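Q: Could you walk me through one part of this model up close? I'd like to see how the sheet and the helices around it fit together.

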Amino acid sequence: MARALNRIVTRVWLLAGMMTLITIVMSVAVYYGATVLRLHQIGNSMPPKARAEFERLVRTGQTDSDRFFDLHEQYSGALILPSDWLFLALIGIVSTSVGGGIAYVFARRISAPISAVSLAASQVAEGERGVRVAAAGLAGETAELVDSFNRMAADLEAYERERKILTAGIAHELRTPLTILKGRLHGLSDGFIDPSTDEPERLLRQVEQLSRIVEDLRTLAHADAHVLELDLRVIDLARVVQLAILDLGPEAEAAGLTIGEACRPVRVRADPVRMRQVAMNLISNAIRHGADGERIEVAVMIEGGGAVLRVSDEGRGFEEGDEHRLFTPFWRAARSQVAVRSGSGLGLALTAKLVEAHGGRIVAANRSDRSGACFIVHLPLHDGSSGAG
């Protein structure tokens with residue numbers, strides 16, 4: 001009931017009803033007052049004998065008798081007296097003041113938050129992303145409007161912040177290989193570098209690095225726009241993850257790390273190439289944050305009615321409150337020591353988008369048994385009868 005009363009339409013109807021009621025009450029009062037005043041004026045205009053008879057008829061309730069109408073018609077006259085105009089003007093002023101005051105109060109309560117939102121929207125449009133509208137004391141559509149605006153402004157502020165981080169990150173990641181390419185090519189052009197050496201291979205590695213960054217950015221943009229094409233088929237998630245472990249084994253060994261594997265067959269409907277990319281990104285991230293002699297644990301299982309991929313490392317972990325920021329492109333933790341080995345800054349962000357595109361979710365948490373981080377991917381199980389691909 002309280003919610004219904006707070007709706008703007010309901011308030012407008014209440015205002016209209018109240019104004020109608022005020023009009024009716026004031027009209028009745030005007031009619032009654034005018035009648036009494038008119039009878040008094042008519043009585044004063046009569047001779048004493050006729051006035052006494054007229055007052056007796058009024059007093060005894062005989063206002064519908066023929067004699068009453070005869071006296072009324074004889075002495076009432078056809079013109080409206082100045083006092084009648086004064087009375088009507090007074091009633092009009094009182095009626096307008098009361099109705100206008102009530103209408104003003106209602107209109108202010110309805111329009112004030114709308115005006116506040118309009119002003120705040122103008123400020124946001126001018127670049128003040130931190131503007132918010134106070135929602136205290138509001139209810140109904142106005143409260144919903146203010147809440148929607150504040151959420152929109154917060155989203156815009158977050159988007160602006162992420163855009164700046166993304167722009168700075170792209171510039172940073174592209175600068176290094178481009179600088180190397182430019183310097184080495186100048187050396188080749190000026191004759192300072194012998195082209196018969198392994199220089200072409202070095203330049204090719206830098207070009208491949210640039211290509212990987214550009215491809216990751218393209219995939220990330222497609223995932224954000226929900227236009228990422230997936231070759232969905234029934235696959236064994238464990239098999240895909242085991243192939244990723246096999247490919248990254250030499251890199252882990254070179255870093256002095258060992259990879260422990262506990263993968264049970266789990267059937268999911270997914271793009272095998274994208275799922276391999278997810279697994280490799282998570283394992284590569286664990287390798288970057290590990291130290292010599294540490295161990296990475298990779299597991300695939302069925303848990304809680306869904307498929308789960310879990311990758312745990314023994315690194316330093318991350319600060320409390322950074323769980324969601326880890327999946328922001330090019331975001332860097334406050335601890336500079338965390339990133340022992342450099343990466344593109346897109347791996348975790350791209351992984352989260354790929355998992356979401358498959359109808360899953362990814363969760364990051366610090367390990368409870370020791371230092372280190374744990375990334376858990378949840379995917380829906382395949383419930384069909386097709387074999388794994």
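A: Let's start with a term we'll need: a crossing is left-handed if the near helix is turned anticlockwise from the far one by less than a right angle, and right-handed if clockwise. Keep in mind that this is a predicted model.

With that term in hand, take helix 9 (residues 272-288) and helix 10 (residues 347-357). Helix 9 passes helix 10 in a left-handed crossing. The two pack at an angle of about 145 degrees, and their axes are 9 Å apart. On the helix 9 side, the residues that meet helix 10 include Arg-274, Val-278 and Leu-282. Among their partners in helix 10 are Leu-350, Leu-354 and Val-355.

Leu-282 takes us inward. Along with Leu-237, Val-241 and Leu-309, Leu-282 has the most contacts inside the largest nonpolar core, a set of 50 residues. Looking past neighbors up to four places away in sequence, Val-241 touches Cys-263, Ala-279, Val-298, Val-300 and Leu-309. Another core lies apart from the largest one; this one has eight residues, including Val-117 and Ala-153.

Now for the sheet itself. It's an open one of five strands, in the order 2-4-5-7-6, and the pairing is mixed. Strand 2 (258-263) and strand 6 (361-366) are the edges, each pairing on one side only. From one strand to the next, the twist averages 15 degrees. Helix 8 (residues 237-254) packs on this sheet, touching strand 2, strand 4, strand 5 and strand 7 (373-379), and its direction makes about 175 degrees with that of strand 2.

Zoom in on strand 4 (residues 295-303) and strand 5 (residues 306-312): they run antiparallel and are joined by seven bridges. Glu-303 stands opposite Gly-306 in strand 5.

There's another strand pair to look at. Strand 1 (residues 233-236) and strand 3 run antiparallel, with four bridges between them, and Arg-233 stands opposite Ala-270 in strand 3. In a regular strand the side chains alternate between the two faces of the sheet. Strand 3 (residues 267-270) shows that alternation: Val-268 and Ala-270 are buried and point to one face, whereas Arg-267 and Arg-269 point to the other and are not buried.

Last, the cysteines. Cys-263 counts as buried because its relative accessibility is 13%, and Cys-374 counts as buried because its value is 9%; the cut-off here is under 20%. As for disulfides, the structure holds zero.

Definitions and conventions:
Residues numbered from 1 in each chain as written. Predicted model: local features only at pLDDT ≥ 70, side-chain atom pairs only at ≥ 80, totals over all residues. Heavy atoms only, no water. Disulfide = S-S within 2.5 Å. Buried < 20%, exposed > 50% of the residue type's maximum accessible area, 1.4 Å probe, protein only. Pairing = 2+ DSSP bridges. Axes fitted to C-alpha atoms, helices over the stretch in contact; angles between N-to-C directions. Contact = heavy atoms within 4.5 Å. Core = buried A, V, L, I, M, F, W, Y, C linked by side-chain atoms within 4.5 Å.
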